[in-house]
Amino acid sequence: MTLSVQRLTKRYDDDVAVSDVSMTLPDGELAVLVGRSGAGKTTLLRCLNGLEQPDEGTVSLDGSTAAVTDIALVFQAGALLDSKSALENVLDGSLGREPAWRELVGWHAPATKRAAIERLHAVGLDGYADRPVRTLSGGQRQRVGIARALQQEPAVLLADEPVASLDPATAESVLERLGAVVRDHDLAGLVSLHQPDLARGIADRYLGLADGELVLDAPAEDVDADRIAEVYDRGIR
Ligand SMILES: Nc1ncnc2c1ncn2[C@@H]1O[C@H](COP(=O)(O)OP(=O)(O)OP(=O)(O)O)[C@@H](O)[C@H]1O
């Protein structure tokens, strides 16, 4: 499905965090969102998945209003429940898709459980299902976060600086996983990153925000380091 954003604006009092942004994210493609601190990346992602209400503009999926479960957001550092296992964290992605009583007692349908194990496989975590996530490395935790987002069966996968706390090699491998799941599951993918070079060869497209405005929207092959540097130079907030 294609995610379309039309003239989206979000203000906090007098501060325009996102200003009149329009863009299209087709399925099967990973776009990388860049921009200096305070440019509006997190606010845009939160508006896309409904955590924030835009003041103006619309977000639609194939022309219709998106349901909450259609758009999954992977948080920085995974935002996992430490005391639970990897599999239990992934199963949390089914919240809202299963009857409430199943969620309350933690007794999931066999097909749901099989799907969750398949998601762990998709992110390269075979054999980690029963590991408490507090015993996992940063990169493994982040991949559990991606598997949990997949369990939501979204049409759109968003990630807000998902590799910020990782070393460059681990960050690159997490991004490769993200790119692979976006393509294999035919999702529209958007990832905010402070190290855009890590996404070379993985990103299909670069989007750039400066002071809330979309100042870059181009295929990855047309975007070199200078073009990205321009996005960072334009932000003055
Ligand atoms: N809840 C909020 N209340 C008031 N202002 C906010 C709120 N959230 C964000 N802002 C403001 O909106 C602007 C955009 O912030 P946002 O967090 O979206 O930027 P960002 O590009 O994600 O930055 P970073 O790279 O540092 O995470 C900033 O000026 C910020 O201070």
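These are my notebook entries on a predicted model.

**Entry 1: the ligand shell**

I started with the ligand and looked up the residues around it. The shell holds 12 residues, and Tyr12, Ala17, Ser37, Thr42 and Thr43 come nearest. Two elements give two or more residues to this shell: strand E2 (15–25) and helix H1 (41–48). H1 supplies the largest share, three residues. I then sorted the shell by character. Six of its residues are polar, three are nonpolar and three are charged.

**Entry 2: helix H1**

Is H1 mostly covered or mostly open? I found it mostly covered, with seven of its eight residues buried. I noted the buried ones: Lys41, Thr42, Thr43, Leu44, Leu45, Cys47 and Leu48. Lysine 41 is thus on the buried list. Thr42 and Thr43 are on that list too, and both are among the residues that come nearest to the ligand. Just past the helix I checked the backbone. Glycine 50 takes a positive phi of about 85 degrees there.

**Entry 3: the six-stranded sheet**

Next I traced a sheet. It is open, has six strands and runs in the order E6-E7-E8-E3-E9-E10, with mixed pairing. Strand E6 (71–74) and strand E10 (213–219) are the edges, each pairing on one side only. From one strand to the next, the twist averages 20 degrees.

I followed the pairing of E8 on both sides. Strand E7 (residues 156–160) pairs with strand E8 (residues 188–192) in the parallel sense, over five bridges. E3 and E8 also run parallel, and five bridges join them. Which residue of E8 is the bridge partner of leucine 157? It is glycine 189. I looked up leucine 30 as well, and its bridge partner in E8 is again glycine 189.

**Entry 4: burial of E8**

I asked how many residues of E8 are buried. The count is five of five, so E8 is largely enclosed by the rest of the structure. In a regular strand, side chains alternate between the two faces of the sheet. I therefore split E8 by face, and both faces are covered because every residue on each counts as buried. Ala188, Leu190 and Ser192 are on one side, with Gly189 and Val191 on the other.

**Entry 5: valine 32 and the core**

I moved to valine 32, which sits in strand E3 (residues 29–34). Why does valine 32 count as buried? It has 27 other C-beta atoms within 10 Å, and the cut-off for buried is 20 or more. I listed its contacts, leaving out residues up to four places away in sequence: Val191, Leu193, Pro196, Ala199, Ala203 and Tyr206. One of these, Val191, belongs to a face of E8. I also checked a long-range pair. Valine 32 and isoleucine 202 are 170 residues apart in sequence, yet their C-alpha atoms are 9.2 Å apart in space.

Nonpolar side chains tend to be buried together in soluble globular proteins. I looked for the largest nonpolar core here and found 69 residues in it. Val32, Ala86, Leu120, Val156, Leu158 and Leu178 touch the most other members. Helix H6 (residues 168–184) gives the most to this core, with six residues.

I took leucine 120 as a second member to inspect. With residues up to four places away in sequence left out, it touches Ala86, Leu87, Val90, Leu125, Asp126, Tyr128, Ala129 and Ala147.

**Entry 6: glutamate 213**

Glutamate 213 lies in strand E10, one of the edge strands. Glutamate 213 is partly exposed, with 18 other C-beta atoms within 10 Å. I paired it with serine 22: the two are 191 residues apart in sequence and 9.5 Å apart in space, C-alpha to C-alpha.

**Entry 7: positive phi outside glycine**

Most residues other than glycine have a negative phi. I looked up two exceptions. Aspartate 13 has a positive phi, near 50 degrees. It lies in the loop between strand E1 (3–12) and E2. Is aspartate 13 buried or exposed? It counts as exposed, because it has 5 C-beta neighbours inside 10 Å.

Glutamate 153 also has a positive phi, near 55 degrees. Its place is the loop between helix H5 (138–151) and E7. Glutamate 153 is partly exposed, with 16 other C-beta atoms within 10 Å.

Notes
Residues numbered from 1 in each chain as written. Predicted model: local features only at pLDDT ≥ 70, side-chain atom pairs only at ≥ 80, totals over all residues. Near = placed C-beta within 6 Å. Helix = DSSP H or I, 4+ residues; strand = E, 2+ residues; numbered from the N terminus. Nonpolar A, V, L, I, M, F, W, Y, C, P; charged D, E, K, R; others polar. Pairing = 2+ DSSP bridges. Axes fitted to C-alpha atoms, helices over the stretch in contact; angles between N-to-C directions. Buried ≥ 20, exposed ≤ 12 C-beta atoms within 10 Å, placed from the backbone. Contact = placed C-beta atoms within 7 Å. Core = buried A, V, L, I, M, F, W, Y, C linked by C-beta atoms within 7 Å.
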